[in-house]
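Thank you all for making time this morning. I would like to walk you through one structure, slowly, and I will begin once it is up on the screen.

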Amino acid sequence: MDPLHITEFGSERYLDKVTSATQPPSTAAPPSQFLLPLRGAHPPEAEDAAIRASEPKRLEKKGFLSFRKFHAKAPSSSNSLDQGERRFSATEPLPRQSTSFDRQFHFLPTELQIEIIASLPLSDVLNLRLTSRSLHALISLNEAPIARHHLDNHLPAYAKRLYPPPSPSALNLHYLCGIWHRLHVAAKLSYLMCEWISRELFLRNTEEKKKAFAPQRERMRRRLIPLLFTIFHFFETYRDLHLKYLAENDGKGLLREPYTINPIEAQIMSLYDDRTLLRVHEVFPLVISSFCRRLRPPSYVGRVERSIRGYLRDKPPDEVHVAILCIGGLRDVERIWEVKGYNTRRAAVDNWYNSITRDTAEQESKKRRGMLGLKRKKSSFTMGKNSLGDAVAASARISGDAGMTTRDPMSNFVFNTSLSTGRPMGPLARDQLKLLLSDLPILQKIFLETAEALILERKIVERASDIKRNAQIFTDLIYEDGFEEEDQWLYGTVAPESVRPNLEAIEEDVLE
């Protein structure tokens, strides 16, 4: 090669010499882990051919029946396989061994496990307890932090005002499930009432009219949920205080005592603020009238038309309505409301009332026996499915017998945790039912007279005529403005969307 000063400056020969002089000696680059489809790249077959050409050829001697040839070729094939494996391992990474999710979850610290479980919906947390013993023990031993997370992030403010949470050490899943059970009942009953009101009162019968009325129906449903939740609290507290009053006065109820204001109702209404008391008092007649209308025959033309349509039973008496409200509460109201068909719904009401009024000895005496007492007995599980009254009667017998040493096998699903206490307004014993049935109030006087007297006494309104009624109530339920102020009053100052329960969010009852 000529020196640099001989060649012409800037010529191709000069540039080639400069490049060759400055470039370091080439070394073998390590094989890349990524194979890119570059132009001019050699395929793997060409690489194998080049490797085979570079290997030294071995002289082989032919032996008898070519055994030596066979043994001589075996090492070369193994060497090529080893080289192919090394080449494969250099170009592609080895597959990682996957670990199942449950093992990865159990490897986490307990604090992280509880934080993950607490972020799940309450129904998923309860279902997770039934998957394994370890998860059941983990959730049962850490009920307080899980319930605290849901209490701070998912419960509305009005629910916590009516049912104040216990101390942090006593907070458990039973308190949380009780709140969500009441919210479920309020949301479901609000949905059923809005469907009936829009169809019967606003006459939105066709699909086109229902679609046009959908925004007003949604606003009405959303406003009814906290009011129905408060009514649930009223009847639940009324039943407990009524039983306590009867026990303290040796069974002498309020019907034998003269009073101007019902003392039990006044004690409950002292827990409500002025705005809550006024709004619930305005909506309470709508709730009672819609429930009573649900238990009436669909036609008022006459007995002939009702007989043709098959509506042979009249409406139940007022004592039945009062018993359903004061003993069963809004949960039984919602169950009866869901029954389709007037005759079926009317039969369910009769079965429910007969189950709480008939004595146990009378029921046993009316059972029919076959010849020599060998008749096949009907399964109690099948009998519990027949009607609403049979199911309530069966649950009342289970909870009312104090001398029972064995419990229903279905109750063992909750094991021995806080959820074994049962749902709010559970079934009562027979002696408690007798005391309440003998001292039930009059239907037209429940809540209304005491609430109106307290509203005027607290000077929430100046005159009784200022209390909104009938058409004014429907206008307030469907009007568009005022949601921000209501949300601040009902749900709190800074409330996330999760504390505004809708029907889809709490459609599943966690205690059933």
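**From the core outwards**

Let me start in the interior, where the largest nonpolar core has 97 residues, and where Met193, Phe234, Ile446 and Phe447 are the ones with the most contacts inside that core. Helix 10, which covers residues 173-201, supplies the largest share of this core, namely 16 residues. Please keep in mind throughout that this is a predicted model, and that the values I quote are computed from it.

For the overall picture, the protein has 24 helices and zero strands, and 37% of its 512 residues count as buried. If we take the contacts between residues at least 6 apart in sequence, 77% of them join residues at least 24 apart.

Let me return to one of the core residues I named. Which residues does phenylalanine 447 contact, once its neighbours within four places in sequence are left aside? They are Phe234, Glu265, Met269, Leu277, Val280, His281 and Phe284.

Two of those partners, Val280 and Phe284, also appear in a helix contact that I would like to show you next. The axes of helix 12, residues 214-248, and helix 14, residues 274-294, come within 10 Å and cross at roughly 90 degrees, which makes helix 12 roughly perpendicular to helix 14. On the side of helix 12 the contact is made by Leu224, Leu227, Leu228, Thr230, Ile231 and Phe235, while helix 14 contributes Thr276, Arg279, Val280, Val283, Phe284 and Val287. By character, the residues of this contact divide into nine nonpolar, two polar and one charged.

Now to threonine 450, which lies in helix 22 and is buried, with a relative accessible area of 4%. Leaving out residues up to four places away in sequence, threonine 450 touches Ile261, Asn262, Glu265, Ala266 and Met269. With one of these partners, alanine 266, the C-alpha separation is 6.6 Å, although the two residues are 184 residues apart along the chain.

A charged residue deserves a word as well. Is glutamate 334, in helix 16 (residues 318-338), buried or exposed? Glutamate 334 has 1% relative accessibility and therefore counts as buried, the cut-off being under 20%. Its contacts, again without residues up to four places away in sequence, are Val185, Lys188, Leu189 and Leu192.

Turning to the cysteines, a search of the whole structure finds zero disulfides. Among the cysteines, cysteine 177 counts as buried at 0% relative accessibility, and cysteine 326 counts as buried at 4%.

Finally, let us look at two loop residues with a backbone feature in common. Aspartate 250 is not a glycine, and yet has a positive phi of about 55 degrees; this residue is found in the loop between helix 12 and helix 13 (263-269), and with a relative accessible area of 71% aspartate 250 is exposed. Asparagine 470, likewise not a glycine, has a positive phi of about 50 degrees, and its place is in the loop between helix 22 (448-457) and helix 23 (471-478). At 64% relative accessibility, asparagine 470 counts as exposed.

That is where I will stop, and I am happy to go back to any of these places on the screen.

Technical notes: Residues are numbered from 1 along each chain as its sequence is written. This is a predicted model: local features need pLDDT of at least 70, side-chain atom pairs count only at pLDDT 80 or more; totals for chains, interfaces and linings use all residues. Side-chain values use heavy atoms; hydrogens and water are left out. Axes are lines fitted to C-alpha atoms, for helices over the stretch in contact, and angles run from 0 to 180 degrees between N-to-C directions. Helices (H or I, at least four residues) and strands (E, at least two) are DSSP runs, numbered from the N terminus. Angles under 35 degrees count as roughly parallel, over 145 as roughly antiparallel, 65 to 115 as roughly perpendicular and the rest as oblique. Contact means heavy atoms within 4.5 Å. Ala, Val, Leu, Ile, Met, Phe, Trp, Tyr, Cys and Pro count as nonpolar, Asp, Glu, Lys and Arg as charged, and the others, Gly among them, as polar. A disulfide is a pair of cysteine sulfur atoms within 2.5 Å. Buried means under 20% relative accessible area, exposed over 50%, partly exposed in between (1.4 Å probe, protein chains only). A nonpolar core is a set of buried Ala, Val, Leu, Ile, Met, Phe, Trp, Tyr and Cys residues joined through side-chain atoms within 4.5 Å.
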